[in-house]
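Please prepare a briefing on the structure shown below. It should begin with backbone details and then proceed to strand pairing, domains and the ligand surroundings.

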Amino acid sequence: MPDSGPIAADSPLAAQAEWLTRYRFGLRLSEQGTVVSVGDGIAWISGLPSARMDEIVQMDDGSSALVFHLARNRIGAILLRQTEQLTAGTAAFLTGKRLSIAVGDSLLGRVVDPLGTPLDDGGPLDPGVRRLLDVRSPPIIARDFVAQPMYTGCKIVDTLIPIGKGQRQLIIGDNGTGKSALAVDAVINQRGKNVYCVYVLIGQKRSTVVNTIETLRRSGALAYTTLVVAEATAMPGLKYLAPFAGCTVSDAWTWQGRDTLVVYDDLTTHARSYRELSLLLRRPPGREAYPGDIFYLHARLLERSTRLAAKHGGGSMTALPIIETEQGEIASYIPTNLISITDGQIYLDHDLFARGFLPAIDVTRSVSRIGGNAQHPNIKKEAGRMKLDYLQFLELEVFTRFGSRLEASMEARIRRGQVLREILKQDTLASLAIEFQMAWLVAYNEGLFDNVELGRVKQRMMLLQRQVEHARVSIEEGRDQWKKLVHAWLSEVATSEVS
Ligand SMILES: Nc1ncnc2c1ncn2[C@@H]1O[C@H](COP(=O)(O)OP(=O)(O)O)[C@@H](O)[C@H]1O
Ligand SMILES: [Mg+2]
């Protein structure tokens with residue numbers, strides 16, 4: 001075959017030819033480390049003197065790890081992936097890379113691990129855009145005030161402990177008091193509201209993970225939700241990274257101008273994983289054996305939740321971190337940290353749960369420090385009146401425990417309070433529209449529930465709800481209009497009950 005001269009520009013070889021003309025011999029230095037020991041989700045590696053914190057280390061067997069601790073002659077790394085072959089003596093290399101995760105709309109409806117590997121059977125993810133797991137939180141000047149409501153669909157929360165878009169509201173309580181149920185309901189309530197959600201499950205049992213996914217799927221919430229999962233059996237490194245991964249997924253949408261909601265279920269387990277890793281890597285333990293920077297870690301995570309200024313797209317990231325207490329002890333280290341980092345807390349009480357007051361929210365110990373600014377003024381006014389009634393009732397009720405005789409007006413107040421308590425009860429998976437919240441608030445404040453038997457409150461509320469749904473009335477309506485409507489609705493309900 002004759003020599004064909006210079007390669008034509010459209011030939012497949014053109015690129016290689018181009019590369020060859022520019023090729024220069026050079027010296028490339030690379031360090032080869034060796035795994036010294038491995039176990040409990042961490043590895044000690046020697047021979048990598050230029051390793052940097054948070055850099056990814058690749059092992060010869062396919063395992064990978066994250067540099068977490070720099071010592072004089074060796075580094076401590078937390079394992080991200082571990083093969084069976086990883087042992088002392090395995091070669092290790094620096095990659096110069098930091099952790100990132102795929103972000104974007106292809107993650108909607110998907111279940112991924114904190115490294116972005118799909119855990120469902122939905123096929124590979126679109127690698128499109130990646131985002132670093134650990135990025136700085138938005139600067140103050142890029143932020144705006146929390147001014148729009150983020151409805152959870154829960155009667156008590158939306159009226160008494162309102163949350164705004166961009167707020168960080170802690171859900172705190174003992175095991176089995178309904179913390180996750182409340183968070184899941186809040187996610188489900190975002191259906192049709194153009195809010196993207198990220199639900200991070202940290203160290204939960206497989207059965208809980210499956211149930212959560214199923215609940216979201218059945219409620220049609222998966223369409224706008226991503227789950228980031230590091231199960232109980234996952235490596236501690238993955239549990240430690242999970243909230244940052246979830247935050248990053250949420251963060252990417254926020255910077256696109258979207259409203260997002262992220263749930264961290266739960267940060268108690270997260271703190272424990274971090275403690276475990278830190279102790280294994282011989283970092284000095286602090287209070288309750290947690291490393292000293294656990295506060296910084298959680299503060300940095302939650303500082304990334306905010307509402308962005310219009311100039312930056314006006315997106316928002318609302319965060320619902322969950323903390324599990326032991327026997328109601330909110331004064332221990334991690335709970336006090338989180339209470340001071342967040343903009344308020346929803347306290348779920350074990351006794352209330354046991355007495356069947358569900359959701360078991362203790363109104364007296366729950367606050368929302370900034371959500372009130374975001375609450376609709378109509379709701380705010382009605383809820384303020386209702387709250388006063390409720391708090392007075394709770395105080396009065398204590399007296400009645402001693403069997404003391406009360407005067408008639410007190411008697412009436414207590415009855416009104418008991419009715420209110422019935423009204424405030426709510427099942428799971430029963431999110432309520434804000435218009436209905438307005439309707440029952442007005443009805444209650446107008447005294448329209450005063451003579452309803454306690455056993456009939458629930459039914460009455462359901463009938464009222466149906467009326468509101470049919471009427472399609474807006475929350476913007478003035479109080480007089482609302483008053484007229486609820487009067488009409490409830491008299492209709494009362495007659496239908498009689499017949
Ligand atoms: N408002 C509610 N009405 C009825 N059952 C509830 C309610 N809230 C929670 N539960 C039930 O209580 C149990 C514990 O709730 P869960 O959210 O798992 O608690 P936690 O996350 O605090 O451990 C679940 O079986 C849940 O269905
Ligand atoms: Mg839970």
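D266 is placed in the loop between β13 and α6 (267–280). In this predicted model, a cis peptide bond with omega of about -5° joins D265 and D266. The points that follow are grouped by topic.

**Backbone features in loops**

- A cis peptide bond also joins L358 and P359, with omega of about -5°; P359 is found in the loop between α9 (350–354) and β16.
- D54, which is not a glycine, has a positive phi of about 65°. D54 belongs to the loop between β2 (42–46) and β3.
- D54 has 14 other C-beta atoms within 10 Å and is therefore partly exposed.
- Q327 is likewise a residue other than glycine with a positive phi, near 50°, and is found in the loop between β14 and α8.
- Q327 counts as exposed because it has 7 C-beta neighbours inside 10 Å.

**Strand β3 and its partners**

- In a regular strand the side chains alternate between the two faces of the sheet.
- Strand β3 (residues 55–59) shows alternating side chains: E55, V57 and M59 point to one face and are buried, whereas I56 and Q58 point to the other face and are not buried.
- Strand β6 (residues 91–98) pairs with β3 in the antiparallel sense over four bridges, and R98 in β6 stands opposite E55.
- Strand β4 (residues 64–70) runs antiparallel to β3 and is joined to β3 by three bridges; S64 in β4 is the bridge partner of Q58.
- The hairpin of β3 and β4 has four residues between the strands, and G62 takes a positive phi near 105° there.

**The eight-stranded sheet and its helices**

- An open sheet of eight strands with mixed pairing follows the order β8-β12-β11-β13-β14-β10-β15-β16. Its edge strands, β8 (111–112) and β16 (367–368), each pair on one side only.
- Strand β15 (residues 344–348) and β16 run antiparallel and are joined by two bridges; V367 in β16 is the bridge partner of Q345.
- Helix α8 (residues 333–341) packs on the sheet and touches β10 (170–173), β14 and β15. The direction of α8 makes about 160° with that of β14.
- Helix α5 (residues 236–255) lies across β11 (195–202), β12 (225–230), β13 (259–265) and β14 (316–324), and runs at about 175° to β11.

**Domains and helix α10**

- The domain assignment divides the chain into domain 1 (33–98), domain 2 (101–375) and domain 3 (379–498).
- The C-alpha centres of domain 1 and domain 3 are 61 Å apart.
- R385 lies in helix α10 (residues 377–400). R385 is partly exposed because 13 other C-beta atoms lie within 10 Å.
- R385 and Q465 are 80 residues apart along the chain, and their C-alpha atoms are separated by 21 Å.

**Surroundings of ligand 1**

- Of the 13 residues around ligand 1, those that come nearest are G178, K179, S180, A181 and L358.
- Helix α3 (residues 179–188) provides three residues, the largest share of the shell around ligand 1.
- The shell around ligand 1 comprises eight polar, three nonpolar and two charged residues.
- Ligand 1 lies between domain 2 (101–375) and domain 3 (379–498), because both give residues to its shell.

Terms used
Residues are numbered from 1 along each chain as its sequence is written. Chains are lettered from A and ligands numbered from 1 in the order in which they are written. This is a predicted model: local features need pLDDT of at least 70, side-chain atom pairs count only at pLDDT 80 or more; totals for chains, interfaces and linings use all residues. A residue is near a molecule or strand if its C-beta atom, placed from the backbone, lies within 6 Å of it. Ala, Val, Leu, Ile, Met, Phe, Trp, Tyr, Cys and Pro count as nonpolar, Asp, Glu, Lys and Arg as charged, and the others, Gly among them, as polar. Domain bounds come from an automatic or database domain assignment. A residue is buried if 20 or more other C-beta atoms lie within 10 Å of its own, exposed if 12 or fewer, and partly exposed in between; C-beta atoms are placed from the backbone. Two strands pair if DSSP finds at least two bridges between them. Two residues are in contact if their C-beta atoms, placed from the backbone, lie within 7 Å. Axes are lines fitted to C-alpha atoms, for helices over the stretch in contact, and angles run from 0 to 180 degrees between N-to-C directions.
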